[in-house]
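Morning, everyone. I'd like to walk you through one model today, so let me get it up on the screen.

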Number of protein chains: 2
Amino acid sequence: MKIANIILLLSVIFSLNIFSQDSNIAERLGYKKDSKLLIIHADDLGVAHSENSASLYALENSPVNSASIMVPCPWFPEIASYARKNKDMDFGLHLTLNSEWENYKWGPVSARESVKSLVNHKGYFFSSVDSLIASAKVDQIEIELRSQIKKALSEGINVTHLDTHMGSAASTPEIAAVYIRLGNEFKVPVLLDKRVFSEPMKLVKDLINENTVVVDEIHMAYPNSIEEGMASYYEKLLQNLSPGLNCLLIHTAYDDEEMRAITINHPEYGAAWRQEDFDFFTSEKCAEILKEQGIILVSWKELRDKITRAD
Amino acid sequence: MKIANIILLLSVIFSLNIFSQDSNIAERLGYKKDSKLLIIHADDLGVAHSENSASLYALENSPVNSASIMVPCPWFPEIASYARKNKDMDFGLHLTLNSEWENYKWGPVSARESVKSLVNHKGYFFSSVDSLIASAKVDQIEIELRSQIKKALSEGINVTHLDTHMGSAASTPEIAAVYIRLGNEFKVPVLLDKRVFSEPMKLVKDLINENTVVVDEIHMAYPNSIEEGMASYYEKLLQNLSPGLNCLLIHTAYDDEEMRAITINHPEYGAAWRQEDFDFFTSEKCAEILKEQGIILVSWKELRDKITRAD
C-alpha cells in the first residue's frame, strides 16, 4: 500500500536505462563493489504515539537504522522534539499527501487556500492516492511538500532524506519530478529505484546526476507476500538479499488500543502487522541473519553526506 | 483549567443581577421548584481515542449523561461517526480555540488565512488562553467557532448545546458575546452561569432572554479541590448539592499509553486524573449517592428542547 502506487505505475513499464548509473554506490561509500548494503527503514513516524514509541525503541535497540516522519500528523511534535535533541539519528521526511484511516484524520501544513486541490470537502487530505491524483494540481503539491520540508527544518530536524507516504509524491511522472526537484533543492537524497530511468520518467532525466542516490531494490511486505508469516518473509528476504543498495521499508508500532483504533477495519498495515514488524526487527534472529549474511547497514545520512552532498 | 479563565475573569467581579432570571428551570422542565437537577458532563471528546472510548462507555453504562466534542481534534471523525448513528445521545460542542498539550497538536477548522490571529507560528492553536486573548481578533474567533458548529452539523451530529474548551470562548465579555450569539443563532443552549448577569457582561444583556438557559452552579474538580482524593471530592459534592440546575464537568479517559503521552508533564487533568473521573462515575457508589440524594439527572437535549426552543 505504502508505495503501491509508484509500483503500480512503474512496474508495468519497460525499464529503459536511459541514464546508466553504474552501481558503484558501495564503492563510493568505501565498501566492496558487491557488498550487500541495507537500510532498514521505519515509515510513518508522527502518525501515532504508538508508532513513535515503538520506532524509537527499535532505532535505539535494534538494526533498524533509519526512519521517516509525517509532518502533517498529530504526533509530529513528539517526534520532532526527539529528533531535535538527537541530530545523529537518521530521520527523513515521509512526505504526506493522504490521510487514509477511517476515524483519525489530518490535513495540509500549508494555508488551505493555497492547496485547495489537495483536500476533500471535510478539509482533510484524500484517503486514496487515486482521489489525490484526480483532484490535485501539481503546483499545489509542490507548495505543500515544500511547506512540510520547511516546517521540519524549522523544528531543527536534521533531515537526511525524503520518501513518500503511500507513494503519493511519486505517483505520476509530473509529481515525481517535483519530488526529485525538492530533493535537489534541499540537497537530500529521495527514495528512488531504477524505475526512475524508465521511458515515462524521461521528464526527470535532467534532474538525475551523479549526486542522485538510486536504490537497487526497495523491499516491503505486502499482504500477498506474507502468507507464510511475517517473520518467515523477512528471514527469506534477508537470506537472499542481492548485492547492491537495498532499502527495506517497515512499519514499527505496538498492537495497542491507539493503533488498533487508528487502523480499524484495515488489517493490512494494521496494529498486529506493525507489532510483527517490531517483533522481528528487535529479535535476536534478525541480528543473527544480518551477521551471518554479511549484510552492511547503511544510513540515509551516510548516503546524503557521501553521495548527494559530494563535491 | 478547563473553565479557569471564565472563572478567573468573572469570579472577581460583582454579581449585579441586571437581568433577573427566576430559577424556575426545574418547573419549566416539569419538576418541583426545589429539585436538585444535575448534568454530569464529560468534556474533551475527540481529543483522543482513549477519551472517546472511556466517555462512550460512561455515557452508555453510568449516570454520565452528556458530553461535548472538540471538532478540530484528530479523533473527531471517530466520535462524529458514533454521534451520527446515535442521535438520541446528548452531544454538544466543546468549542475549541486552544491546543494545550506538549507533543500532540491541532489547529483551526477554518481556512487559515481567515483566522490568522488564532494560530501560532507553527500553525497550531495557542497553548494558553492568555496567548489567544493577546493575539485573537474577535471577528476571527467568530469565523472559527461558526466553522466548528457547521462542520459538526454537516457530519450529522444532533448538537444539543455549546460549551468551551478551557473557557476560551467566554474568556472576555466580547468573546462571550460571540459565544452566546452563536447559541442563539443555532438555537442551542450554551453553558453559562449567573456571572453572565454581572456588570462587565452588560454587553450581552440583550442576548439573554427567557429562552436562555443559565446554570445555577458549574462544578469541576480543580487541583486544589481534590486534596482528599477525587472520589471524596465528588462524594461530598453530590451529598451537598444545592437545589437548582447544576452542571458537573468531568473528563473521562483511560490511564493508558496514549493518554499518558498526550498529557505528559501535566498531572492536572492528566491520564490518571481522567481515569479517576471514569472510575468514580462508573462506580456503584456514585449511582447510590445520586439515588440517596434524590438528584435528578437532566440532559442538555431536554434543556434545549424545553427551554431554548420553547415557543
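What follows is a short tour of some helix packing and a few loop residues.

Before anything else, please keep in mind that this is a predicted model.

Okay, chain B to begin with. Find helix H8, residues 230-239, and helix H11, residues 284-292. How do their axes cross? They come within 9 Å and cross at roughly 15°. Anything under 35 degrees counts as roughly parallel, so H8(B) and H11(B) get that label. As for handedness, H8(B) passes H11(B) in a right-handed crossing.

Who's actually touching whom? On the H8(B) side you've got Glu235(B), Leu238(B) and Gln239(B), and they meet Lys285(B), Cys286(B), Ile289(B), Leu290(B) and Glu292(B) from H11(B). Sorted by class, that contact comes out as four nonpolar residues, one polar and three charged.

Let's stay with H11(B) for a moment. Which of its residues are buried? Cys286(B), Ile289(B) and Leu290(B) are. Look down the axis of H11(B) and those buried residues sit within an arc of 100°, so they line one face of the helix. The general background is that an α-helix has 3.6 residues a turn, so residues three or four places apart point the same way. Now flip to the face of H11(B) turned away from the buried side, and you'll find the exposed residues Glu284(B), Lys291(B) and Glu292(B). So what do the buried residues of H11(B) pack against? Strand S1 (36-45), H8 and helix H10 (271-281) of chain B. And just after H11(B) there's Gly294(B), with a positive phi of about 60°.

H10(B) just came up, so let's see how it sits against H8(B). Their axes come within 9 Å and cross at roughly 45°. That angle makes H8(B) and H10(B) oblique to each other, and their crossing is right-handed. From H8(B), the residues are Met230(B), Ala231(B), Tyr234(B), Glu235(B) and Leu238(B), and they meet Trp273(B), Glu276(B), Asp277(B), Phe280(B) and Phe281(B) in H10(B). The class split for this contact is seven nonpolar, no polar and three charged. If you're wondering about familiar faces, Glu235(B) and Leu238(B) are on the list for H10(B), and they're also on the list for H11(B).

One more stop in chain B, in the loop between helix H7 (173-186) and strand S5 (217-220): that's where Val196(B) lies. Is Val196(B) buried or exposed? Buried, with a relative accessible area of 5%. Leaving out residues up to four places away in sequence, Val196(B) touches Ile180(B), Met201(B), Val204(B), Ile208(B) and Val214(B).

Right, over to chain A. H8(A) and H11(A) pack at an angle of about 15° with their axes 9 Å apart. That makes H8(A) roughly parallel to H11(A), and H8(A) passes H11(A) in a right-handed crossing. The residues meeting here are Glu235(A), Leu238(A) and Gln239(A) from H8(A), with Lys285(A), Cys286(A), Ile289(A), Leu290(A) and Glu292(A) from H11(A). By class you get four nonpolar, one polar and three charged.

Which residues of H8(A) are buried? Met230(A), Tyr233(A), Tyr234(A), Leu237(A) and Leu238(A). Down the axis of H8(A), these fall within an arc of 120°, so they line one face of the helix. What covers them includes, in chain A, strand S1 (36-45), strand S5 (217-220), strand S6 (244-250), helix H10 (271-281) and helix H11 (284-292).

Last bit: some backbone angles. Most residues other than glycine have a negative phi. With that in mind, look at the loop between helix H9 (257-262) and H10 of chain A, where Asn265(A) lies. Its phi is near 65°, a positive value in a residue other than glycine. Tyr269(A) is found in the loop between H9 and H10 of chain A too, and the phi of Tyr269(A) is near 60°, again positive.

How do those two compare for exposure? Asn265(A) is exposed, with a relative accessible area of 61%, whereas Tyr269(A) is buried, at 2%.

That's my lot. Happy to spin the model round if anyone wants another look.

Conventions. Residues numbered from 1 in each chain as written. Chains lettered and ligands numbered in written order. Predicted model: local features only at pLDDT ≥ 70, side-chain atom pairs only at ≥ 80, totals over all residues. Heavy atoms only, no water. Axes fitted to C-alpha atoms, helices over the stretch in contact; angles between N-to-C directions. Helix = DSSP H or I, 4+ residues; strand = E, 2+ residues; numbered from the N terminus. Parallel < 35°, antiparallel > 145°, perpendicular 65-115°, else oblique. Left-handed = near helix turned anticlockwise from the far one by under 90°. Contact = heavy atoms within 4.5 Å. Nonpolar A, V, L, I, M, F, W, Y, C, P; charged D, E, K, R; others polar. Buried < 20%, exposed > 50% of the residue type's maximum accessible area, 1.4 Å probe, protein only. Arc of directions from axis to C-beta.
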